[in-house]
Amino acid sequence: MNSVAPLLETRELTMRFGGLVAVDAVGLRVAPDTIHAVIGPNGAGKTTLMNLLTGLYRPTRGTITLDDRSLTGRKPYQIAALGLSRTFQNIRLFRSLSVLENAMVGEHFRAGVTFLDALFGTPRARRGEARMRERAHEALEFVGLHERPDLPAAHLAYGQQRLLEIARALVTEPRLLLLDEPAAGMNRREAADLMERLQAIRARGVTILLVEHNMRLVMGVSDQITVLDFGRCIAEGLPAAIREDPRVIEAYLGTEAGHA
């Protein structure tokens, strides 16, 4: 896998908050068409890493590239336009809007419609709206939420709300999808269904970077795993190697075995 040019790469990526080093010189290489998991105990720096990759934080030091294009210092909407989309650890839906409207939110920045177009209802605005609606319907069908598009998002079960977030991210047609604990709060059946959907997303040519605590899911879908502890990368490799790595067992898996 190391011989394949990475889709996403970080070098010496570091984030300090005052005297706290949350991410410490992390070098990450995510190969195209793979599911790459990042695991580690609480406080290991996983979500901070995600926030750096998506432009919510500007790194103290280091570089981030997506297909050899620098993401370092770019704003979140600029990074999204280059093909990187994400979901969040805490669900961020517009609860009063419908399932379809929530999915369409993800496409607005790509619609190519100006404020005046929208204000005056020009043909370009109508075409843009039709494209957004079509892509949103396709994404909802892909995650299994297409039967009730007019239902308010607040009325969905918790696991379905997680799937709606994934659908909203897929509407942007990303090259790289970042998922921050997508299985959080899911029961075993929902998590098993999520595993199948993640594999289907990869089969569509979308690379996935996954932060997750559910070890059954991580070991079941990942092509490569990176382990963080206190902001540093302590191990990286295939799932079988990570499962047996003494450093990983001591730092994380030994205390998480009950969730496997």
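How much area does the protein chain expose, and what share of it do carbon and sulfur atoms supply? Keep that in mind as you look through these views of a predicted model.

**View 1. The whole protein chain and its surface.** The exposed area comes to about 12,600 Å², and 51% of it is supplied by carbon and sulfur atoms. Along the protein chain you can look for 10 helices and 10 strands. Of its 260 residues, 50% are buried. Now consider the contacts with a separation of 6 or more: 68% of them are between residues 24 or more positions apart.

**View 2. Helix α1 is mostly covered.** Seven of the eight residues of α1 are buried. You can find them as Lys46, Thr48, Leu49, Met50, Asn51, Leu52 and Leu53. As a helpful reminder, an α-helix has 3.6 residues a turn, so residues three or four places apart point the same way.

**View 3. The loop after α1.** Follow the chain past α1 and you meet glycine 55, which has a positive phi near 85°. Leucine 56 sits in the loop that joins α1 (46-53) to β4 (61-66). Is leucine 56 buried or exposed, or something in between? Its relative accessibility is 43%, so leucine 56 counts as partly exposed, because that category lies between under 20% for buried and over 50% for exposed.

**View 4. A nonpolar patch on the surface.** Here leucine 56 appears again, this time with company: Phe17, Leu20, Leu56 and Tyr57 form a nonpolar patch on the surface. Together, these four residues have about 360 Å² of accessible area.

Key:
Residues numbered from 1 in each chain as written. Predicted model: local features only at pLDDT ≥ 70, side-chain atom pairs only at ≥ 80, totals over all residues. Heavy atoms only, no water. Patch = residues over 30% accessible without salt bridge, like charges linked within 9 Å, V, L, I, M, F, W, Y side chains within 5 Å. Areas by Shrake-Rupley, 256 points an atom, 1.4 Å probe, with all protein chains shown as cover. Salt bridge = Lys/Arg side-chain N within 4 Å of Asp/Glu carboxyl O. Helix = DSSP H or I, 4+ residues; strand = E, 2+ residues; numbered from the N terminus. Buried < 20%, exposed > 50% of the residue type's maximum accessible area, 1.4 Å probe, protein only. Contact = heavy atoms within 4.5 Å.
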